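Trainee: Before I use words such as "buried" for a model, I would like to learn how each one is justified. Could we go through some of them together?

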Amino acid sequence: MEEERSEFGPLAALMADPTVEEVWINSPHRIFIARAGVSQLTNLVLSEQEVRDIVERLLMWGGRRLDLSHPFVDARLPDGSRLHVAIPEVTATHWAVNIRKHLIRGKSLQELSALGVMTPMIADYLQRAVVDGLNILVSGSTQAGKTTLLNALVSATPFHNRVITIEEVFELKPRLPDWIALQTRPANLQGEGEIPLRRLIKEALRMRPSHLIVGEIREAEALDLLIALNSGLPGMATIHANSARDALSKLQTLPLLAGENISYQFVAPIVASTIDLIVHTTILRDTGERRIVEIAHATGRVENDRAEIEEIFTYKDGKYEVGLGDPERLFRSNPVKIRN
């Protein structure tokens, strides 16, 4: 613990505070934290050199580098937090540092329901969906708890399954005996050796996966994931979006980045037939709590080149309402016994 505190230096007290969700440095004199989803300016003042020393110590553990040729860095820290740094001339004057903590990492669906992220009924429903091999897309804004929810969903897969997770930075830690974690690699100083998400997805398919998990889809790797899942391999992923409908629309758009020969009309039916559930999570503005606010089903139909969805559960006025879609229609098997 003392070694971990020394790595964070003047930020050690903030990192040790369980109520602090994120720490970011706009300048040595403007250091912010987030509590319950609300940002606060701290009275902590550092020097330029202290900021650099903190970053350099943290990067030594992560094996990542930061220089003029690589002015951004994204790395996982020893305590599981995630570090992002940007330096001039990408930033105007000062180093911009973000340290995102994972306060409820490693929780199961049932444990998340006890924390108010969902009700026990929703937790049981999602666990049944995972056990039945449904393809699940988790959507939400930054810091809405997408990775934490995805980790809980992955942990709900049956123990006999072989799960392969693919991420830009290691964050997922599912409670599973047969699990392989893969991580992207940036190019070296000569511009060689890069291993992108698209390459990892293709390699993962050669590793006999029962479930394929992509930590976050942002670009053309969405096409590779869709093709893999469309072949019958169950999987999950997260995506930034404002709603379940926007998430599915974005999933149709990202594959277009793979090349001019990929059309919207080609992608739409693949998305419609591949994705089973979209689980949307957000931070409630009035309380700062993270909560699942929408669970929707991709019906398989395409209208005006858009995959259609039906709402299954929607969180309104403090409770979940059942939508037009039948919650039971997705399950290919009889109700299963929920694992504790």
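Trainee: Where is histidine 297 placed, and why is histidine 297 called buried?

Mentor: This is a predicted model, and in it histidine 297 belongs to strand 13, which covers residues 290-303. A residue is called buried when its relative accessible area is under 20%, and histidine 297 has a relative accessibility of 7%, so the word applies.

Trainee: Which residues does histidine 297 touch, if those up to four places away in sequence are not counted?

Mentor: Its contacts are Asp276, Ile278, Glu308, Ile309, Glu310, Ile312, Arg329 and Leu330, where a contact requires heavy atoms within 4.5 Å.

Trainee: How do you know whether tyrosine 125 is buried or exposed?

Mentor: Tyrosine 125, found in helix 5 (residues 120-131), has a relative accessible area of 5%, and because the limit for buried is under 20%, tyrosine 125 counts as buried. Leaving out residues up to four places away in sequence, tyrosine 125 touches Leu277, Ile312, Phe313, Pro327, Leu330 and Phe331. Ile312 and Leu330 are among the residues that touch tyrosine 125, and they also appear among the contacts of histidine 297.

Trainee: How far is tyrosine 125 from asparagine 188, in sequence and in space?

Mentor: The two are 63 residues apart in sequence, and their C-alpha atoms lie 45 Å apart.

Trainee: Which residues of helix 7 are buried, and what makes us say that they line one face?

Mentor: In helix 7, which runs over residues 197-204, the buried residues are Leu197, Leu200, Ile201 and Ala204. Looking down the helix axis, one finds these buried residues within an arc of 100°, and therefore they line one face of helix 7. An α-helix has 3.6 residues a turn, so residues three or four places apart point the same way. The buried residues of helix 7 pack against strand 8 (163-167), strand 9 (179-183), strand 10 (211-214) and helix 8 (221-230).

Trainee: How many helices and strands does the protein chain have, and why is the chain called as compact as a globular protein of its length?

Mentor: The protein chain holds 10 helices and 15 strands. Its radius of gyration is 21 Å, and the globule rule gives 20 Å for 340 residues, so the two values are close and the chain is as compact as a globular protein of that length. Of the 340 residues, 52% count as buried, and the C-alpha trace spans about 60 × 45 × 40 Å along its principal axes.

How values were computed:
Residues are numbered from 1 along each chain as its sequence is written. This is a predicted model: local features need pLDDT of at least 70, side-chain atom pairs count only at pLDDT 80 or more; totals for chains, interfaces and linings use all residues. Side-chain values use heavy atoms; hydrogens and water are left out. Helices (H or I, at least four residues) and strands (E, at least two) are DSSP runs, numbered from the N terminus. The radius of gyration is taken over C-alpha atoms; the globule rule is 2.2 Å times the number of residues to the power 0.38. Buried means under 20% relative accessible area, exposed over 50%, partly exposed in between (1.4 Å probe, protein chains only). The arc is that of the directions from the helix axis to the C-beta atoms.
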